[in-house]
Amino acid sequence: KAAQVRDAALAASCSVVAILCPHAVELVLPVIFDAMEDSKKWQVKEGALKLLADLAATAPAQVSACLPAIVPLISERMVDPREQVRAGSGGGRGRLSGQGCQTTVCTAGHSV
C-alpha cells in the first residue's frame, strides 16, 4: 500500500515493457489482462492500463493484432467507479499521460 513501493513497481514494470521483445507481446498480454479484472484494486488496474499503453507504443504491430481482445477490456475500464482508472482507460480526465490507454492502443494500429 505504500506509494513508494507502488511507484517503484510501476517503474520497474514500465522498464521491462520498454525493452520487451515485440514477439513476447502475446505472452505478456494475459498477465496485463488479469490485472484489469474487477476483483483487483484500482491501483493495479491503473498500472495495467499504463503498461498496456506503453506496450502499444513499443510494439504497435503486435498490439494491433490483439485489438479484438484488448478493446473490450479497456471499454469496461472506461466505466470503472474510480476516476483514476477511467482516466487511464481514456474514459475521463486524468493524470496518466494526457491521453488514455484506448487512444494509445487504437492508434498503434494506424502506425504500422
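The accessible surface of the protein chain adds up to about 6,300 Å², and carbon and sulfur atoms account for 59% of that area. The model is a predicted one. Of the 112 residues in the chain, 35% are buried. As for secondary structure, the chain has 7 helices and 0 strands, so that reading from the N terminus gives α-α-α-α-α-α-α. Among contacts with a separation of 6 or more, 61% join residues that sit 24 or more positions apart.

Next comes the inside of the fold. The largest nonpolar core holds 25 residues, and the members that touch the most others are Leu-29, Met-36, Leu-52, Ile-70 and Val-105. Helix H1 (3–19), helix H2 (25–35), H3, H5 and helix H7 (101–108) each put in at least two residues. H3 gives the largest share of this core, with 7 residues.

Helix H3 covers residues 42–58, and its length checks out: 17 residues at 1.5 Å a residue should span 24 Å, which agrees with the 24 Å between its end C-alpha atoms. Its buried residues are Lys-45, Glu-46, Gly-47, Ala-48, Leu-49, Leu-51, Leu-52, Ala-53, Asp-54, Leu-55 and Ala-56. The list takes in charged side chains as well as nonpolar ones, with Lys-45, Glu-46 and Asp-54 among them. In general, an α-helix has 3.6 residues a turn, so residues three or four places apart point the same way.

Asp-54 is a close call. This H3 residue has a relative accessibility of 19%, and it counts as buried because the cut-off is under 20%. Leaving out residues up to four places away in sequence, Asp-54 touches Cys-14 and Val-17. Cys-14 is itself buried, at 18% relative accessibility. Another cysteine, Cys-66, has a relative accessible area of 15% and is buried too. For disulfides, the count is 0.

Met-36, one of the core residues named above, is found in the loop between H2 and H3. With a relative accessible area of 1%, Met-36 is buried. Not counting residues up to four places away in sequence, Met-36 touches Lys-45, Ala-48, Leu-49, Leu-52, Leu-73 and Arg-77. Several of these partners, including Lys-45, Ala-48, Leu-49 and Leu-52, also appear among the buried residues of H3. Met-36 and Val-85 are 49 residues apart along the chain, and their C-alpha atoms are separated by 9.7 Å.

Arg-77 picks up the story from the other side of that contact. This arginine lies in helix H5, which runs over residues 67–77. Despite being an arginine, Arg-77 counts as buried, at 3% relative accessibility. Its side chain reaches the backbone oxygen of Met-36 at 2.7 Å. Setting aside neighbours within four places in sequence, the contacts of Arg-77 are Met-36, Asp-38, Lys-45, Leu-49, Val-85, Arg-86 and Ser-89. Lys-45 and Leu-49 thus turn up as partners of Arg-77 and of Met-36. Further along the chain, the C-alpha atom of Gly-90 is 8.7 Å from that of Arg-77, with their positions 13 residues apart in sequence.

Arg-86, one of the partners of Arg-77, belongs to helix H6 (residues 83–89). Arg-86 has a relative accessible area of 24%, which makes it partly exposed; Arg-77, at 3%, is buried. A polar atom of the Arg-86 side chain lies 3.0 Å from the backbone oxygen of Pro-81. So each of these two arginine side chains has a backbone oxygen as a polar partner: that of Met-36 for Arg-77 and that of Pro-81 for Arg-86. Arg-86 and Glu-46 are 40 residues apart along the chain, with their C-alpha atoms separated by 8.5 Å. Glu-46 is one of the buried residues of H3.

Methods
Residues numbered from 1 in each chain as written. Predicted model: local features only at pLDDT ≥ 70, side-chain atom pairs only at ≥ 80, totals over all residues. Heavy atoms only, no water. Helix = DSSP H or I, 4+ residues; strand = E, 2+ residues; numbered from the N terminus. Expected span 1.5 Å × (residues − 1). Buried < 20%, exposed > 50% of the residue type's maximum accessible area, 1.4 Å probe, protein only. Contact = heavy atoms within 4.5 Å. Polar contact = N/O pair within 3.5 Å; in protein donor to acceptor, adjacent residues only side chain to side chain. Core = buried A, V, L, I, M, F, W, Y, C linked by side-chain atoms within 4.5 Å. Areas by Shrake-Rupley, 256 points an atom, 1.4 Å probe, with all protein chains shown as cover. Disulfide = S-S within 2.5 Å.
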